[in-house]
Amino acid sequence: MTQSFKTNRRTLIKGAAAGGVLAAAPLVSRFAQAQSSAPIRIGFQQHVTGIGAAYGRWYGRTTDAAVKKINDEGGINGRMIEIIAEDDGTDPKRGAEVVGKFASQHDCDVAFGTLFSHVVYGSAPAAGELKLPYFVVSEGHHVASGALNRYTMQPGITDVKSQVQAMAPYVAENLGKKVTMIFPDFAFGHDHRDYFTAAIEAQGGEVLEHIAIPPTETSFTKYFPKIPRETEVVYHVMVGPAVLTFVKEMGEFFGPSKPAIFGFIDSLEAVDMTSPGLEFLDGTYFWEGMPRYAQADQTEYDKAFRAAVGVDDNGASVSDPRDVSTYAHMFGCWETLHIIKAGMEASDYAGPQDRAKLIEAIEAMTELAESFEHPQGPKLFNGKTHQVFGVQYISKVENGKLVKVHTTSIEDTQYPDEADYTTMAF
Amino acid sequence: MVVGAVPRLLPGVVGFAEEICITLQAWSFGAATRLRFQTLTGNDPGMEFGPHLLLAVLEGAVGAAVLALTALGLSLVFGVMRVVNVAHGEFYMLGAVVAWFVASVIAGHPALGFVAALVIAPLAAAVVAMVADRLVLKPVAYDPEATIVGTIGILYILQQAALMWFGPEARPVEPPFNHRIALPWYDWAAGEWFYPWGLSTTSYKLFVIAAAVVILLAFWAVLTRSRIGLIMRATQLDRETALAFGIPVGRVYSLVFGLGAGLAALAAVLIVPIQQAHYLMGGDPLLLSFIVVIIGGLGSVRGTVVAALLIGMSDGIISVFLSPTLSKILATLLVALVLVFRPQGLFGTRAA
């Protein structure tokens, strides 16, 4: 019993060597087989930390669910999908580094998953330089605007320009024509400002005042006095952790004499609609990318999608009703992964040498029917602008729940092409 | 000792200033045009000047009240221990997060959960801080440079622990009471009182201001009138002599570090029914507390309170009428001026 088990340098090295051999063993056998059975590696640029973390968590859960479904059904061309998730800290600089790691360190076939538009802006050039197909799930208009490159695509979620443009007719007809806009003061908010202002003017309305709020602001009452009194509709879109404060303080500011209120659900994404202080939202309207609450006319696809991701009829986690999802956005990860699968199958994708073929195959896609693969609704992909178009939903808050009152057509969301990526060289 | 510490603080302060400038650069473009528009038209398109100013003052007062409590904790820790606590903002966050946990497990009227949180959250933050003091600060013998690095480590540990266990969402705590109070305004032309559109506050916001004043007075009384206050002041004045007179300096340090964290947590419990608990919420209070403490003078209670009022109110008022960027630029500029012309702060004393 006197023998001591002191760890010294030599035993450590021995242990490490043994561990290394053990860890490497499966790799040896894996690569001994034909390349075609190696997994397809998809780099997942995830907002695990930073202001996008609530979205990142649900993007992660949706991605896991989609990968499980695809792998259970036999994978892509008989190969399993392997997700390599890296945290980008919701930071553009870190985002570009993560894309670099996917290409050079992790040997990923493609990268996907970015949401916040400034991170997309920061990362896309890296993807273009490294010739890594980069599928963003961001809503930003930057893809369709032609500002990015041939390797960057957005096939799983519609962009802000098409969303706001489709809202303007409903707002002008049902809520009012004199609008005051409140939006975050960065690219995403500026897209709202520019495209909605133009769209409401096309409907004979006008925006009386643009109120830009710094994205890191935590107190909002001081901005509301800038809302002109003749405002008929307040249009709000806010992102980040302070959204609930924003909406609550808006209610406290207006009190009993509030104008019509139209918001993008981004203002309350991942927030429980029954949170204290949100009662005043009853009777107000929201854009939703996909209805958070299961609707009376719920499709079987929506039902199956909820079950696969683990979301209940109120849009919250089945394991914790207070853990509210980012339901209006996260379907984009599910749909994007299915597009990658379809593209790889159409192009007979075998490895990184086929990346250009993969992009051409996706550029050739057009109509995407509503299905379990596309539970949000039918879509139309524009290969030239690398952007998908699809139906949008408007919901009204009734007794603390979002009830769908209007579904736009795909035509409502379309606009003339601003770019043609297919003419760019690979 | 103070004189020695301030220059060492400088790189950190310059770093913070740079951070502000970079983050706010993008916002500042709008400022100039808005300023010109409002001075030209003379009034705001929404609300008249008077009511708008009153609203801005009320909002500024809420911010100043919470800031005063938070900064006081930071100032106390520096004053007594000579420790620049970079993790201070995370104790604030910890207070908000614990308040959410407490409020969510206690059923019944929201006031019950809130009152419980008011007691439990500062205690919890204080205990964590005391443990951190024993595990991190004491082993490095309170060396100024080492404690900065050590508290940066505490900052990340607390922040990531919150992300793991609490999650990335912002979570609300229900206020114990919250009534919208419409405020009247006197119309000189018509000679009568009226209720301008949107001019309102809430009973809870008024309560936050009152509660902060009471806590500050109580704190001041403890520090100047009680035995424990005397011991803390003695330790602050001269650590060696205090030790020679039998004051258990080690225990006083733990207590002070816990008290500082508790003050930050208390401020967070007060604000959390207005702003939600979020794992990144500690950043702003830390930055503003540093600004306040530097302007007011490290270790000076009076300076801290005055500077908190100055920064909180100017943030409320300037950001309403000019731009949020400008108020942050002015605060940073003030820090720079104070450091150049009065490095000990407005109310700080230049120790030998």
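Student: In this predicted model, is Glu86(A) buried or exposed?
Tutor: The model is predicted, so the answer rests on computed accessibility. The cut-off for a buried residue is under 20% relative accessible area. Glu86(A) has a relative accessible area of 12%, which makes the residue buried.

Student: Which side chain does Glu86(A) meet in a salt bridge?
Tutor: Side chains of opposite charge can pair when their charged atoms come close. For Glu86(A), the N to O distance in the pair is 3.0 Å, and the cut-off is 4 Å. The partner of Glu86(A) is Lys101(A).

Student: Where do Glu86(A) and Lys101(A) lie, and how many residues apart are they?
Tutor: Glu86(A) belongs to strand β2 (residues 81–87) of chain A, and Lys101(A) belongs to helix α3 (residues 92–104) of chain A. The pair thus links distant parts of the chain. Lys101(A) is partly exposed, at 23% relative accessible area, whereas Glu86(A) is buried. The separation along the chain is 15 residues.

Student: What separates Lys93(A) from Glu97(A) along helix α3 of chain A?
Tutor: The side chains of Lys93(A) and Glu97(A) meet in a salt bridge at 3.9 Å, N to O. Lys93(A) is exposed at 62% relative accessible area, while Glu97(A) is partly exposed at 37%. Both lie in helix α3, and their spacing is about one turn of the helix, or four residues.

Student: Which residues are linked with Glu86(A) in a network of salt bridges?
Tutor: Glu86(A) pairs with Lys101(A), and Lys93(A) pairs with Glu97(A). Arg94(A) also belongs to the network. Besides Glu86(A), the linked residues are Lys93(A), Arg94(A), Glu97(A) and Lys101(A).

Student: Which residue meets Lys404(A) in a salt bridge?
Tutor: The closest approach in this pair is 3.2 Å, N to O. The pair links distant parts of the chain, 107 residues apart: Lys404(A) is in strand β17 (residues 401–407), and the partner is in the loop between β10 (285–288) and α8 (300–309) of chain A. Lys404(A) is partly exposed at 23% relative accessibility. The partner is Asp297(A).

Student: How many disulfides does the structure hold over all chains?
Tutor: A disulfide is a covalent bond between the sulfur atoms of two cysteines. The cysteines of chain A include Cys108(A), buried at 1% relative accessibility, and Cys333(A), buried at 0%. The cut-off for a disulfide is a pair of sulfur atoms within 2.5 Å. Over all chains, the number of disulfides is zero.

Student: Which three residues supply 19% of the area that chain A buries against chain B?
Tutor: The two chains bury about 3600 Å² between them, 54% of it on carbon and sulfur atoms. On the chain A side, the 19% share is more than any other three residues supply. The three are Lys222(A), Lys226(A) and Arg229(A).

Student: How many salt bridges cross the interface of chain A and chain B?
Tutor: The contact takes 40 residues from chain A and 41 residues from chain B. One of the salt bridges joins Glu249(A) to Lys205(B), with the closest N and O atoms 3.2 Å apart. The number across the interface is two.

Student: What accessible area does the nonpolar surface patch with Leu330(B) have?
Tutor: Leu330(B) lies in helix α13 (residues 324–341) of chain B and is partly exposed at 37% relative accessibility. The other members are Leu333(B), Leu337(B), Val340(B) and Phe341(B). Together the patch has about 520 Å².

How values were computed:
Residues are numbered from 1 along each chain as its sequence is written. Chains are lettered from A and ligands numbered from 1 in the order in which they are written. This is a predicted model: local features need pLDDT of at least 70, side-chain atom pairs count only at pLDDT 80 or more; totals for chains, interfaces and linings use all residues. Side-chain values use heavy atoms; hydrogens and water are left out. Buried means under 20% relative accessible area, exposed over 50%, partly exposed in between (1.4 Å probe, protein chains only). Helices (H or I, at least four residues) and strands (E, at least two) are DSSP runs, numbered from the N terminus. Patches are made of residues with over 30% relative accessible area and no salt bridge: like charges are joined within 9 Å, nonpolar side chains (Val, Leu, Ile, Met, Phe, Trp, Tyr) within 5 Å. Accessible areas come from the Shrake-Rupley method with a 1.4 Å probe; for residues, only the protein chains shown count as cover. Contact means heavy atoms within 4.5 Å. Buried area is the accessible area (1.4 Å probe) that two parts lose on being put together, summed over both.
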